[in-house]
Amino acid sequence: MSWDEVGEMPCSVARSLAIVGDRWTLLILRNVFLRVRRFADLQTQLGIPRHVLSTRLKRLVDEDVLEKVAYQESPARYEYRLTEKGKDLYPVILSLVAWGDKWLDQGKGPPLLYRHKKCGHTFRPTLACSECGEPITARDVAVEMGPGMLAD
């Protein structure tokens, strides 16, 4: 199977990776969540080659993860804003943050702290059951086939 075919698999992870499954795309999304939205700013902050950034942004726009919004007419300049589909990737980014903070901080602590605006506390991202609110780990979950797997 080629990488181009991964998005056709009946697997939510594979389909998601077909869109966001490279390091540049996740770093672009991280920066957009941090309100860096303009091409030149993304390129400068990430140190990413122009053609790579252009290709990744185009894919994210084509997949309705980002929208391209004009902020200047002459010359035409655009910024990239998260769509609702894009905003739904925030838990993915926060999960990677939590994992990196736990396992890759080199004993220095997290490079960024996240503060919940409503209560004012800094927090660590956790995964919880949508029904009962209890934190969950891999050992707490049983997996069953869903309608997307059973469909032809």
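The exercises below concern a predicted model and treat its confidence, its strand pairing and its internal cavity.

**Exercise 1.** Determine in which helices confidence is lowest and highest.

*Solution.* Begin with the protein as a whole: the average pLDDT is 93, and 96% of the residues score at least 70. Then turn to the individual elements. Confidence is lowest in helix α7 (residues 147-150), where the mean is 80. The highest value, 98, belongs to helix α5 (residues 84-87).

**Exercise 2.** Describe how strands β1 and β2 are joined, and identify the partner of Lys 68 in β2.

*Solution.* First, locate the strands: β1 covers residues 66-72 and β2 covers residues 77-82. Next, establish their direction and pairing; the two run antiparallel and are joined by six bridges. One residue pair can then be assigned, since Lys 68 has Tyr 80 as its bridge partner in β2. Finally, consider the connection: four residues lie between β1 and β2, and the two strands form a hairpin.

**Exercise 3.** Establish how many cavities of 30 Å³ or more the structure holds, and characterise the lining of the largest cavity.

*Solution.* Start with the count: one cavity reaches 30 Å³ or more. The space in the largest cavity amounts to about 40 Å³. Its lining consists of Arg 30, Phe 33, Leu 34, Tyr 90, Ile 93 and Tyr 114. Assigning this lining to helices shows that α2 (23-33) and α6 (90-103) each contribute at least two residues. Sorting the lining by chemical class completes the description: five residues are nonpolar, one is charged and none is polar.

Technical notes. Residues numbered from 1 in each chain as written. Predicted model: local features only at pLDDT ≥ 70, side-chain atom pairs only at ≥ 80, totals over all residues. Heavy atoms only, no water. Pairing = 2+ DSSP bridges. 1 Å grid on protein atoms, 1.4 Å probe; cavity = no way out; pocket = protein on both sides within 12 Å on 5 of 7 lines; lining within 4 Å. Points joined across faces, edges and corners; volume = space filled by probe spheres on them. Nonpolar A, V, L, I, M, F, W, Y, C, P; charged D, E, K, R; others polar. pLDDT = per-residue confidence, 0-100.
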